[in-house]
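Biologist: I should like to go through this structure with you point by point. Please show it, and then let us begin with the contacts along the chain.

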Amino acid sequence: LSEICILAAGSSLWEANVGARKTLAIITADNQVLPAFEAKRSGIVETIIDFRPETVPEDWPNQLLSATRAMVHAEKPQRKVSVGGASRLAKSIRDV
C-alpha cells in the first residue's frame, strides 16, 4: 500500500484515513469544497488543491509536485475514522 493518497475530495478521503494515509485532496467539483475543508479541519487531510475547471492554475503540475514532495516528509496522520461502523449498526438493529 502507498503511504500517500492523492484523491478527489469526496468520501474516499475518509476511507484513506482508515488506513492512516497521508492524503492530498484535490477539489474537482463544487460539491467537494465543504467536505474537503471539513476533512482538513478534522485532520484527515493535510493539503487541499483546488483543480475545478474554472480555477485550475497554469502552474498546476508544479503545485501538485510541490504538495506531494512536502507530504513525503510529513508525519503519518492519526486515524480519526472509526472502522466497523456497518457491523455496529447491524448489531444495534438486530438487538432492537
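Biologist: Among contacts between residues at least 6 apart in sequence, what percentage join residues at least 24 apart?

Modeller: A contact here means heavy atoms within 4.5 Å. Among the contacts in the chain between residues at least 6 apart in sequence, the share that joins residues at least 24 apart is 46%.

Biologist: On what basis were such values obtained?

Modeller: This is a predicted model, in which local features need pLDDT of at least 70 and side-chain atom pairs count only at pLDDT 80 or more, while totals for chains, interfaces and linings use all residues. Residues are numbered from 1 along each chain as its sequence is written, and side-chain values use heavy atoms, with hydrogens and water left out.

Biologist: In what order do the helices and strands run from the N terminus?

Modeller: Helices (H or I, at least four residues) and strands (E, at least two) are taken as DSSP runs and numbered from the N terminus. The chain holds four helices and three strands. Read from the N terminus on, the order of these elements is β-α-β-α-β-α-α.

Biologist: What percentage of the residues count as buried?

Modeller: Buried means under 20% relative accessible area, exposed means over 50%, and partly exposed lies in between, with a 1.4 Å probe and protein chains only. The C-alpha trace spans about 55 × 30 × 20 Å along its principal axes. Of the 96 residues of the chain, the buried share is 29%.

Biologist: Is Ala36 buried or exposed?

Modeller: Ala36 lies in helix α2 and touches Ala9, Leu13, Ile27 and Ile48, leaving aside residues up to four places away in sequence. Its C-alpha atom is separated by 5.4 Å from that of Ala9, 27 residues apart along the chain. Because its relative accessible area is 0%, Ala36 counts as buried.

Biologist: Is Glu3 buried or exposed?

Modeller: Glu3 is in the segment before β1 (4-8). Not counting residues up to four places away in sequence, Glu3 touches Arg21 and Lys22. Its relative accessible area is 58%, so Glu3 is classed as exposed.

Biologist: How many salt bridges are counted?

Modeller: Side chains of opposite charge can pair when their charged atoms come close. A salt bridge is counted when a side-chain nitrogen of Lys or Arg lies within 4 Å of a carboxyl oxygen of Asp or Glu. By this rule the number of salt bridges is four.

Biologist: Which residues are linked in a network of salt bridges?

Modeller: The side chains of Asp30 and Arg52 form a salt bridge with an N to O distance of 2.9 Å. That pair links distant parts of the chain, 22 residues apart: Asp30 is in the loop between β2 (22-27) and α2 (33-41), and Arg52 is in the loop between β3 (47-50) and α3 (60-72). Arg52 also meets Asp50 in a salt bridge, at 2.5 Å from N to O. The network is thus made up of Asp30, Asp50 and Arg52.

Biologist: Within that network, is Arg52 buried or exposed?

Modeller: Asp30 is exposed, at 53% relative accessibility, and Asp50 is partly exposed, with a relative accessible area of 25%. Arg52 has a relative accessibility of 16%, and therefore counts as buried.

Biologist: How far apart are the closest N and O atoms in the salt bridge of Asp95 with Arg94?

Modeller: Asp95 is partly exposed, with a relative accessible area of 48%, whereas Arg94 is exposed at 61%. In their salt bridge, the closest N and O atoms are separated by 3.3 Å.

Biologist: Which residues form the aromatic pair?

Modeller: Rings of Phe, Tyr and Trp (its six-membered ring) pair if their centres lie within 6.5 Å; planes under 30 degrees apart count as stacked, over 60 as edge-to-face and the rest as tilted. By this rule there is one aromatic pair. It is edge-to-face, with 5.8 Å from centre to centre and 75° between the planes, and its members are Phe51 and Trp60.

Biologist: Of these two, is Phe51 buried or exposed?

Modeller: Trp60 is partly exposed, with a relative accessible area of 38%. The relative accessible area of Phe51 is 14%, so Phe51 is buried.
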